[in-house]
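Here is a friendly walk through one model, from a pair of helices to a sheet and then to a ligand. Please keep the structure open beside you as you read.

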Amino acid sequence: MSYSDWPLFDLRLHCRGVDLTPVRESDLPVLAAREPDDYEPDPRLSALPGLEPGPDRRRLFHQGYWRALGTWSPESWVLHLAVRQDGDLVGVQTLEGDDFPVLRTVDSASWLVPAARGRGIGVAMRMAVLGLAFEHLGAVAAISSARADNHPSLGVSRRIGYADNGVGLVHAHEGAVLLRHLRLTADRWRSSGQAGEVTVRNFPPCRPWFGPA
Ligand SMILES: CC(C)(COP(=O)(O)OP(=O)(O)OC[C@H]1O[C@@H](n2cnc3c(N)ncnc32)[C@H](O)[C@@H]1OP(=O)(O)O)[C@@H](O)C(=O)NCCC(=O)NCCS
């Protein structure tokens with residue numbers, strides 16, 4: 001079934017044996033249950049008093065999905081993609097653009113179930129969304145930030161070719177935390193040859209969702 005009124009649902013990304021499709025309502029129970037504890041929800045989102053940490057984390061996951069769809073605009077969008085390997089849901093890769101028609105810069109976030117880590121899936125799923133951003137959306141740069149001790153996340157960015165872009169402090173639950181920032185330009189992405197490994201299908205009807213080409 002094709003969704004002509006919300007063509008984003010038909011987007012299909014593929015890279016190195018990993019398939020990415022926009023998260024759907026039917027994916028929520030499995031993904032919410034699988035979101036790992038070491039993936040930090042946005043610390044600015046407040047907890048629901050009276051709800052235990054586990055149910056509250058799953059509540060935030062559901063609301064993140066609905067918020068992204070309900071507030072989508074070309075100026076500010078968040079695309080959550082379900083990641084599958086051999087048909088099994090193993091994680092989520094998020095791509096987001098803020099003031100995108102002007103800044104042409106994308107940010108990303110991701111998680112994988114522990115059993116799927118350390119096998120290159122993190123790199124493949126980031127590459128998939130970069131292929132979408134640089135080859136189809138007209139992004140000029142991608143940025144990423146991770147805690148200074150998050151070696152897997154920093155490792156994904158470095159493997160793909162992001163360059164150091166400074167450090168900064170962020171207000172997390174435990175107080176100020178040091179983040180490392182990284183940045184990848186479209187030129188560097190293209191010269192790396194990685195674009196050829198990414199397949200994006202069904203993008204043309206989605207063009208208006210991201211602003212003018
Ligand atoms: C971040 C995450 C998605 C990465 O996925 P992954 O599949 O484990 O990563 P990959 O196997 O593709 O590895 C990417 C690189 O990081 C390196 N790496 C992975 N784990 C590492 C570790 N514990 N220490 C040092 N380097 C590590 C790998 O060696 C690889 O680099 P290389 O190709 O140069 O060897 C995954 O670890 C995760 O879900 N973490 C928890 C949630 C999180 O922190 N998300 C990021 C914040 S938004």
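## Two helices at an angle

How do H4 and H5 lie relative to each other? In this predicted model, the axes of helix H4 (residues 121–137) and helix H5 (residues 151–160) cross at roughly 55° and come within 9 Å. An angle from 35 to 65 degrees counts as oblique, so H4 and H5 are oblique to each other. Their crossing is right-handed.

If you would like to find the contact yourself, look in H4 for Gly122, Val123, Arg126, Met127 and Leu130; these meet Pro152, Val156, Arg159 and Ile160 of H5. By class, the residues of this contact are six nonpolar, one polar and two charged.

## The sheet

Now to the strands. Nine of them form an open sheet with mixed pairing, and the order is E7-E8-E6-E5-E4-E3-E2-E1-E9. At the edges you will find strand E7 (163–172) and strand E9 (198–201), each of which pairs on one side only. From one strand to the next, the twist averages 25°.

As a reminder, strands of a sheet pair through backbone hydrogen bonds, and they do so either parallel or antiparallel. Both senses can be followed along part of this sheet. Strand E3 (residues 76–85) and strand E4 (residues 88–98) run antiparallel and are joined by ten bridges. Ala82 has Val92 in E4 as its bridge partner. Moving on, E4 pairs with E5 over seven bridges, again in the antiparallel sense, and here the bridge partner of Val92 is Trp111 in E5. Val92 is thus a handy place to pause, with Ala82 as one partner and Trp111 as another.

The pairing of E5 with strand E6 (residues 141–147) is in the parallel sense, over two bridges. There, Thr105 stands opposite Ala141 of E6.

## Around the ligand

Which residues come nearest to the ligand? Of the 22 residues around the ligand, they are Arg117, Gly122, His151, Pro152 and Gly155. Strand E5 (105–112), H4 and H5 are the elements that give two or more residues to this shell. H5 gives the most, with six residues. Sorted by class, the shell holds ten nonpolar, eight polar and four charged residues.

Two of these names will be familiar from the helix pair: Gly122 and Pro152 come up in the contact of H4 with H5, and both are listed among the residues nearest to the ligand. E5, too, has a part in both settings, since it pairs with E4 in the sheet and gives residues to the shell around the ligand.

Definitions and conventions. Residues are numbered from 1 along each chain as its sequence is written. This is a predicted model: local features need pLDDT of at least 70, side-chain atom pairs count only at pLDDT 80 or more; totals for chains, interfaces and linings use all residues. Axes are lines fitted to C-alpha atoms, for helices over the stretch in contact, and angles run from 0 to 180 degrees between N-to-C directions. Helices (H or I, at least four residues) and strands (E, at least two) are DSSP runs, numbered from the N terminus. Angles under 35 degrees count as roughly parallel, over 145 as roughly antiparallel, 65 to 115 as roughly perpendicular and the rest as oblique. A crossing is left-handed if the near helix is turned anticlockwise from the far one by less than a right angle, and right-handed if clockwise. Two residues are in contact if their C-beta atoms, placed from the backbone, lie within 7 Å. Ala, Val, Leu, Ile, Met, Phe, Trp, Tyr, Cys and Pro count as nonpolar, Asp, Glu, Lys and Arg as charged, and the others, Gly among them, as polar. Two strands pair if DSSP finds at least two bridges between them. A residue is near a molecule or strand if its C-beta atom, placed from the backbone, lies within 6 Å of it.
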